[in-house]
Each structure stands twice: as structure tokens, then as C-alpha cells.
Amino acid sequence: MWEQLEKYRNQFLQYEIKDVMKPSSINCLQNTEWRTFMKERDLCKCFPQRCPPSSTYFEDRAQLAYGNLALPKLLKEMDSGVHLTHWRAIVSLSDFLLNPLNSQRAILEMDIIRKVKNAFMRMRLKFHASHYNEVVTYLKIFNILSRNLNGAERIANCKCLRIEFYKILKRKESVKEDLASEILYNLTSKPKVLGIVLGDPENFESVAGIFKQDPCRPFYPVPLWQHLCNMLEVAPEQGIELGFFELLHSRIVNRLPKFWDMASKGFALLLRCAEGQRRFDQVDGIQMIYELFSAKDNEQVDNYENVVLILLNGLHSKRSLWRSREFTVLPCHLGRRMSSDSANPRLQLYCLRTLRELGVMPCTKRYIIANWLQAIRQLVCLDAEAECARDSLLHWLCRDIAESS
């Protein structure tokens, strides 16, 4: 009876070697092979099999009072000499301030920037020992408060905080680096606070020192790039003096990772001054842009928005405009990017404006009319600004046809 039951397992093997071995012997060998295989597979695992740790969410948070009493209670516990009480207070505070009304009240009525700044500087200057992850939590609080205009203004007026944020970025401290760069971006994204930041030339020099520390570094935090672009948009001459033109140009020419994204945007912003235009002519920027457009499939960029912006800003120079006549297919590249990308209205806008700038040269204008006039008419614009640019370009091109006929 038992041998009959053994036949129901491994039926293929049972059928192939039924005259050589008993069904029970076949199943026994199969079990042995299976155990050997599983043992070898388990040896390849790089982590021990254990239960996940329990969550400390509630252990790391203080008990909140009702209504308007919650914020004074947290600020009082933040001054406690008991490390656990202090830790729970600042973790709860980082959650409580996510409400904009609470953060506004804490900034204007409770002077929270000064209190958190003092606690943060004591940790950074090693006056107090760190028992938990307090510095990261302080940075989270500053990040939340910097989204508020009043909070950003008060943080920007604290020079010691700005110095520490730049030190964190220069030392590449993990986790803290992302938070510090996001705080700086929040500061410079507000025009009023941007004036305060640019009022101190040491801030721009600190940013230049971070980027020059390792020119070949493949990646920087995205908020740090945005912080740099906000500064270059207002003060491109100062950025050129600090060497950003050569730095960003080398990143584009050497095709560092994602050179077409923020590095190209910063380079395009540098061309908004006379010195930037002069240096753009010296490095033959039109040739560089043409090589980016005509790159091989494995070297093509993912987004041409900032590449087209470089061309648009560079064409303000008469020398670059005359140089563009030698690259007849530039309007073709712009037309293809403009028609193929159906999700980026700014790319459409930049392409239309660049075609208008290229059309200043009569030979290029005739080429656009002959090859791209119908495509521009049939272009489906993604926003009102691009539609206005298309209508203006069409009016200008069609007026030339009417006058010539």
C-alpha cells in the first residue's frame, strides 16, 4: 500500500526509471537533492533571518496638550535637561509645525527661530553631546520654518546658521546634506530673502567652494543646484567672477551625469550678461550646442529644455548669431524637439523663441519659411504663453512672405 502511495509523487521520474528503482527510493533521492539545493541557496543570503524591530514612533514623541497649549508645552519641554524629554519635544515639534498656522504662530509669537538656533549651535559647536539624532531633527524644523516668508527672513539674517549649512554641504554629511541644501533653496526662492543672502558675498563664495571642491563629482543634491540657479539668475556677473562659467562649461563638454539638466540651466543663466556672452563666443558655444543636438543615440540627453535655453540666451550675441548661419540644420533640430515633446510647454516656448532669434538672419529665415512654416501652423501648444509665441512667430514669417510677394 505504501509503495502505491509513493508512485503518486514525481510521476515523470517514476515513469522513466520504474524498472530500475522502487518508488520510495526515487522519492528519497529527490528529497535529498532538494535539501542540498536549499542549503546552498540559504548560504547565499547576505542578511540573517530575524524579526523586524518594533516601531519607536510613539516612544519618540511627547504627549500633546489640547488647543493653543500644545506649542508652549513643547517649547518648555525642549528646554528640559532630561535628554529623552528634550528629544521627544523636538520630534513632536517637527510634526506639529507642519501646519502653516502653527509655524506662523511659533515664528511671530514664540520666537522659535532663536530657541532652535541656540540648541542647534550648541550641538554643532560640541557644547552639548548628542544622545539621539538631534541635529537632523533641528534641520527638519528649520526646513519647515524656511517655507514661511517670515521664518526664511529670520533664518537668513542669522549668519551663524548660514555658515553651518554651508559647512554641512562642504563636508558631505549624509542626510544632513539634503536637508541643508533644501533649506538654502527655500531661502533663495523668495525674492526678498534672496536679496539678504546675496547681500553677504561670503554666501556666493561658499557655494563656489562647494562646487570647486570636486569638479568631477557626478551628482549634487537637486536643491543645491536650484539654490545656485536662483543666485545666478540675479547676479550672473558675480558667478562668472567666481569661476562658474568654466566649471559648468567643463561639465557639459565632458558629459558628466545629467549635464543637460541643472548644469545646463546654470550655464544658460550666465549668458544673461555681457561677460557671459563674450566668453560664450570664445568657447564657440554654437558648435557645442550643435554637437549636443547631433549626438549619437547612446549620448542623447533626456530633456532638451535647458539645452535650448543655452542657445536662446547665447544668440543675443551678434557673433553667435552670425556663427549660427553655418549650422543650417539647427532649425530642424528645434522643430523636431518642439513637435515631439508633448508634455513640456517650456520646451515649446524656448524652441519658438529660438526660431525667432535664428530667423533674424535672412538665409535662416527663408529656410524656416520653406521647411517649417506648415509645421508651426499645425503645432498644438501646451499653454497660453507658447501659443502667443507661436502666433507672433507666424505673423512675423507670413508678413515676410506678403512683403516679398
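Reader: What makes the pairing of Asp 200 and Lys 159 a salt bridge?

Author: The side chains of Asp 200 and Lys 159 meet at 3.8 Å, N to O. A salt bridge needs a side-chain nitrogen of Lys or Arg within 4 Å of a carboxyl oxygen of Asp or Glu, so this pair qualifies. The two residues are 41 apart: Asp 200 is in the loop between α12 (191–199) and α13 (201–213), and Lys 159 is in helix α10 (residues 159–171). Helices here are DSSP runs of H or I with at least four residues, strands are runs of E with at least two, and both are numbered from the N terminus.

The model is predicted: local features need pLDDT of at least 70 and side-chain atom pairs 80 or more, while totals for chains, interfaces and linings use all residues. Residues are numbered from 1 along each chain as its sequence is written, and side-chain values use heavy atoms, without hydrogens and water.

Reader: Why is Asp 200 called buried or exposed?

Author: Asp 200 has a relative accessible area of 15%. Buried means under 20%, exposed over 50%, and partly exposed in between (1.4 Å probe, protein chains only), so Asp 200 is buried. Its partner Lys 159 has 35% and therefore counts as partly exposed.

Reader: How do you know that Arg 272 and Glu 233 form a salt bridge?

Author: Their side chains meet at 3.9 Å, N to O, which also passes the limit of 4 Å. The pair links distant parts of the chain, 39 residues apart, with Arg 272 in the loop between α17 (259–270) and α18 (274–282) and Glu 233 in helix α14 (residues 222–234). Arg 272, at 48%, is partly exposed, and so is Glu 233, at 42%.

Reader: What joins Glu 385 to Arg 353?

Author: A salt bridge of 3.3 Å, N to O, joins their side chains. Glu 385 lies in helix α26 (residues 384–404) and Arg 353 in helix α23 (residues 345–358), 32 residues apart. Elsewhere, salt bridges that share partners join Arg 124, Glu 164, Lys 167, Glu 173 and Lys 176 into one network. The total under this rule is 22 salt bridges.

Reader: How many disulfides are there, and how do you know?

Author: The count is zero. Cys 158 is in no disulfide, since its nearest cysteine sulfur, that of Cys 160, is 5.5 Å away, and a disulfide requires two cysteine sulfur atoms within 2.5 Å. Cys 158 is buried at 15%, and Cys 229 is buried at 2%.

Reader: Why does Ser 324 count as buried or exposed?

Author: Its relative accessible area is 3%, so Ser 324 is buried. Ser 324 sits in the loop between α21 (318–323) and α22 (330–340). Beyond neighbours within four places in sequence, Ser 324 is in contact (heavy atoms within 4.5 Å) with Ile 286, Leu 315, Leu 330 and Leu 358.

Reader: What makes a set of residues a nonpolar core?

Author: The members are buried Ala, Val, Leu, Ile, Met, Phe, Trp, Tyr and Cys residues, joined through side-chain atoms within 4.5 Å. The largest nonpolar core has 121 residues, and Ile 112, Phe 120, Phe 165, Phe 244 and Ile 376 touch the most other members. Ile 376 touches residues including Met 338, Leu 352 and Arg 390, not counting those up to four places away in sequence. In the whole protein chain, 46% of the 405 residues count as buried.

Reader: How many helices and strands does the protein chain have?

Author: The secondary structure comes to 26 helices and zero strands.
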